[in-house]
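Dear colleague,

Please find the structure below. My notes on it follow.

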Amino acid sequence: MGANNGKQSGSEGKGSSSISSDLSSSTDQTSTKAPKNAATSEDSDLSMRTVSTPSPALILPPRSSSAVLNGSSTSSSTFGTETIAMVHTPPTSLTHPQRGLRQPRDQQGAPIDILPDHAFLQIFTHLPTNQLCRCARVCRRWYNLAWDPRLWRTIRLTGDVLHVDRALRVLTRRLCQDTPNVCLTLETVVVSGCRRLTDRGLYTVAQCCPELRRLEVAGCYNVSNEAVFEVVSRCPNLEHLDVSGCSKVTCISLTRDVSVKLSPLHGQQISIRYLDMTDCFALEDEGLHTIAAHCTQLTHLYLRRCVRLTDEGLRFLVIYCPSVRELSVSDCRFISDFGLREIAKLEGRLRYLSIAHCGRITDVGVRYVAKYCIRLRYLNARGCEGLTDHGIEHLAKNCLKLKSLDIGKCPLVSDAGLEQLALNSFNLKRLSLKSCESITGRGLQVVAANCFDLQLLNVQDCDVSLEALRFVKRHCKRCVIEHTNPAFF
């Protein structure tokens, strides 16, 4: 088959590889019009690998304008059939090396050919998946270099119209060529935004990639619990899992078969440390209990907009996962001060906490966190309307290493709270006071006079004078001020 010029050519001949037979398109079935494909038979040059290479080009539906694979778009006007990535044979020079000798002298040597192999490999490491597949079609040398196992530690696919299930099957089969049915090099799979991803695609990853360490399927709402359980059970080294926006995912656990084979402490077998379940609306306390019992090594957990969670779920989390360093329960409207009391049991291990728009939280809960989590670096309490100057005072006097604080839309926080913050939080670098109705220029001046390392200040929709903004600019020269005062620039 020819180069990637956007046209789908004929079938690959009777001797094509198994990968080709699974995914080849059937637009033109006349192999007589494409004599080059005859070289892909099993009887061709046995000294050269002739397994088909997945092409990055996508065949789109006629009404679609473009498809994107790792940032590269392809016009749909070029293709007329809806399917997935084209499969083609290696470049002509791989199967007909003698034809390369017939090129004119001025085309025999390109300046880039003088680069050594290690330089090519270094360049290829910066290419996305689709471009790496394109490079494999250039010539014999590029084909061998592009499929170097060291370049295939990551697969990154994007696009709403991409048939990602079959694309994953083709790529993993090609990567399993030297080690049948198992790809020992692949460690990262990122298919976020591929809305056509289903459980089939995850089953492929689970079966072929036992060394997987990072999986991101954000926004893939067709993925269910069963497929996620399969990946977690078959990939014991998985540490980073992003299932944000997967509305069908309600918990993280091992499959039933694996659970039966393990000891009662099988929860420790899941090595996930980073888990993002943002917008998993169906997650409830029981699901969080299951997650905590199985993922005891969690250090980063993001539960933004998991609106069904309550304080009881946080109690389970703290019991089983004492090593949590970063936690977000933003927009979980049922979380209250009792939940913060449980979170405070993480003590000095907690560094990052987001409780934004948790309307039931008051100074009482913040006081618990301030008293026990003294190494807190980041706190987002935006929209916690029950927070007052007293809560800010406890936070400032106990969390001396605080670097970032967001108390926007907290109408009860005034200049008195800012003064306590300025007199104790000398390491403060980011401060958001957006829409704080009780803040004036006096409080800003106190902050600017004491927090010299301030790098970002948000005072949008605050009633502060022009003189106060200029004062901040003079004392915090590296500070970026976000404001809504047209007279200040």
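To begin with one residue: is Ala293 buried, partly exposed or exposed? Ala293 is partly exposed because its relative accessible area is 24%, where buried means under 20%, exposed over 50% and partly exposed in between, with a 1.4 Å probe and protein chains only.

This is a predicted model, in which local features need pLDDT of at least 70 and side-chain atom pairs count only at pLDDT 80 or more, while totals for chains, interfaces and linings use all residues. Residues are numbered from 1 along each chain as its sequence is written, and side-chain values use heavy atoms, with hydrogens and water left out.

Ala293 belongs to helix α11 (residues 285-294); helices are DSSP runs of H or I with at least four residues, strands are E runs of at least two, and both are numbered from the N terminus. The C-alpha atoms of Ala293 and Ile319 lie 8.8 Å apart, with the two positions 26 residues apart in sequence numbering.

Next, helix α16 (residues 415-424). Its buried residues are Asp415, Gly417, Leu418, Leu421, Ala422 and Asn424. They pack against α15 (389-398), β14 (404-406), β15 (430-432) and α17 (441-450), a contact being heavy atoms within 4.5 Å.

Ile272 is one of the residues that touch the most other members of the largest nonpolar core, which has 128 residues. Such a core is a set of buried Ala, Val, Leu, Ile, Met, Phe, Trp, Tyr and Cys residues joined through side-chain atoms within 4.5 Å. Beyond its neighbours within four places in sequence, Ile272 contacts Val232, Leu238, Glu239, Leu241, Ile252, Cys295, Gln297 and Leu298.

Regards
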